[in-house]
Amino acid sequence: MLIRSSIIGIAFTLVLVAVLGSARLLNSEVEVKHLTLSEVEVVTLTAPPAPPEFTEPEPEPLADDTPPPPSAPALELPMDVPSLKTPIIAISPRTVSLSTPLQSFHTDRAPAQIPVPSNPFKVPVKPIGNTQSPKNPVSPNVSPKARYSPRDLDKLPKERSKGKFVWPPRARGRQGVVKLLIEIDTSGRVRAIRVISSTNSALNAAAMKVASASRFTVPTYKGKPVKTQFTYSYRLNKPR
């Protein structure tokens, strides 16, 4: 058994030596590349020139007629400096009492009693201001000829009917908005006063005709017909 193991070991060693030898022979046949070195030229750079020296410019001499600069003003300090000591406050040695004495008084007569009505729930009340008559419930100070602001009216007038509108031939575009200042009288008729703003000036005259032919509800102040003025916008569209 020992001999057999020795023979196998020797055979394995011979095989390994043969393999290593063949590998060495193969590596020896590999072509070896040769590198060629060439001489490198050395270039020597010259040193840069030195920077020029900086010299401060000499001040130009002043002309003979140039006046010398003015001298600094002299600082004069007051000789009598007031004392900074705390002034002496005069203190009164007397003490003042902060309490006010109340004088007692007596009367020989008793105060009068407050008169009380027999029926305190029916006290007559005197009306204040002008009273309105049942036949004329409106205040006599309301004038139908005067113009009232829309915020003073009983309610804002509403448009009942709008005047007929015809698109002007020379007007361009297809629509426009014209803002007018109008006046409504006591019968609801409209009077166009002037144009406030317009997006198409060619529609101004047509908008004023529409406003003049329109009708509004009658403006009232305290129930009585009055005149009023306010701005009103008309949006006019071209018929298709």
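## A hairpin to start with

Which residue takes a positive phi in the hairpin of β3 and β4? It's Gly188, with a phi near 90 degrees, and the hairpin has five residues between its strands. Keep in mind that you're looking at a predicted model.

The two strands of the hairpin are β3, covering residues 175–184, and β4, covering residues 190–198. They pair in the antiparallel sense, over seven bridges. If you want a spot to find your bearings, look for Val178, which stands opposite Ser198 in β4.

## Helix α2 and its buried side

Now move on to helix α2, which takes in residues 204–212. Its buried residues are Asn204, Ala206, Ala207, Val210 and Ala211. They sit on the same side of α2, because the arc they cover around the axis is only 160 degrees. There's a general pattern in the background here: an α-helix has 3.6 residues a turn, so residues three or four places apart point the same way. What do the buried residues of α2 pack against? The answer is β3, β4 and β8.

Asn204 deserves a look of its own. This residue of α2 counts as buried because its relative accessibility is 18%, and the cut-off for buried is under 20%. Leaving aside neighbours within four places in sequence, Asn204 is in contact with Val178, Val195 and Ser198. Two of these names are back from the hairpin: Val178 and Ser198, which stand opposite each other.

## The nonpolar core

As a rule, nonpolar side chains tend to be buried together in soluble globular proteins. In this model, the largest nonpolar core has 17 residues. The members that touch the most others are Leu180, Ile182, Val190, Leu203, Ala211, Phe216 and Tyr234. At least two residues each come from β3, β4, α2 and β8 (227–237). Which element gives the most to this core? That's β3, with four residues.

Leu180 shows how these parts come together. Setting aside neighbours within four places in sequence, its contacts include Arg194, Val195 and Ile196, then Ala207, Met208 and Ala211, and also Phe230, Thr231, Tyr232 and Tyr234.

## Rings that meet

Searching the whole structure turns up five aromatic pairs. In one of them, Phe165 and Trp167 have ring centres 6.1 Å apart and planes at 90 degrees, so they meet edge-to-face. Phe165 counts as partly exposed at 23% relative accessibility, while Trp167, at 12%, counts as buried.

Phe216 and Tyr232 are edge-to-face as well, since their planes are at 90 degrees, with ring centres 5.3 Å apart. This pair links distant parts of the chain: Phe216 belongs to strand β5 (residues 215–216) and Tyr232 to strand β8, 16 residues apart. Phe216 is buried at 1% relative accessibility, whereas Tyr232 is partly exposed at 23%. Ring pairs also join Phe216, Phe230, Tyr232 and Tyr234 into a cluster.

## A small charged network

How many salt bridges does a search of the whole structure find? There are two. One is between Glu183 and Arg147, whose closest N and O atoms are 3.5 Å apart. Glu183 is in strand β3 and Arg147 in strand β1 (residues 147–148), so this bridge ties together parts 36 residues apart in sequence. Glu183 is buried, at 9% relative accessible area, but Arg147 counts as exposed at 54%.

Glu183 also meets Arg191 in a salt bridge, again with 3.5 Å from N to O. Arg191 is partly exposed, with a relative accessible area of 44%. Through shared partners, the salt bridges join Arg147, Glu183 and Arg191 into one network.

Note on methods:
Residues are numbered from 1 along each chain as its sequence is written. This is a predicted model: local features need pLDDT of at least 70, side-chain atom pairs count only at pLDDT 80 or more; totals for chains, interfaces and linings use all residues. Side-chain values use heavy atoms; hydrogens and water are left out. Buried means under 20% relative accessible area, exposed over 50%, partly exposed in between (1.4 Å probe, protein chains only). Contact means heavy atoms within 4.5 Å. Two strands pair if DSSP finds at least two bridges between them. A nonpolar core is a set of buried Ala, Val, Leu, Ile, Met, Phe, Trp, Tyr and Cys residues joined through side-chain atoms within 4.5 Å. Rings of Phe, Tyr and Trp (its six-membered ring) pair if their centres lie within 6.5 Å; planes under 30 degrees apart count as stacked, over 60 as edge-to-face and the rest as tilted. The arc is that of the directions from the helix axis to the C-beta atoms. A salt bridge is a side-chain nitrogen of Lys or Arg within 4 Å of a carboxyl oxygen of Asp or Glu.
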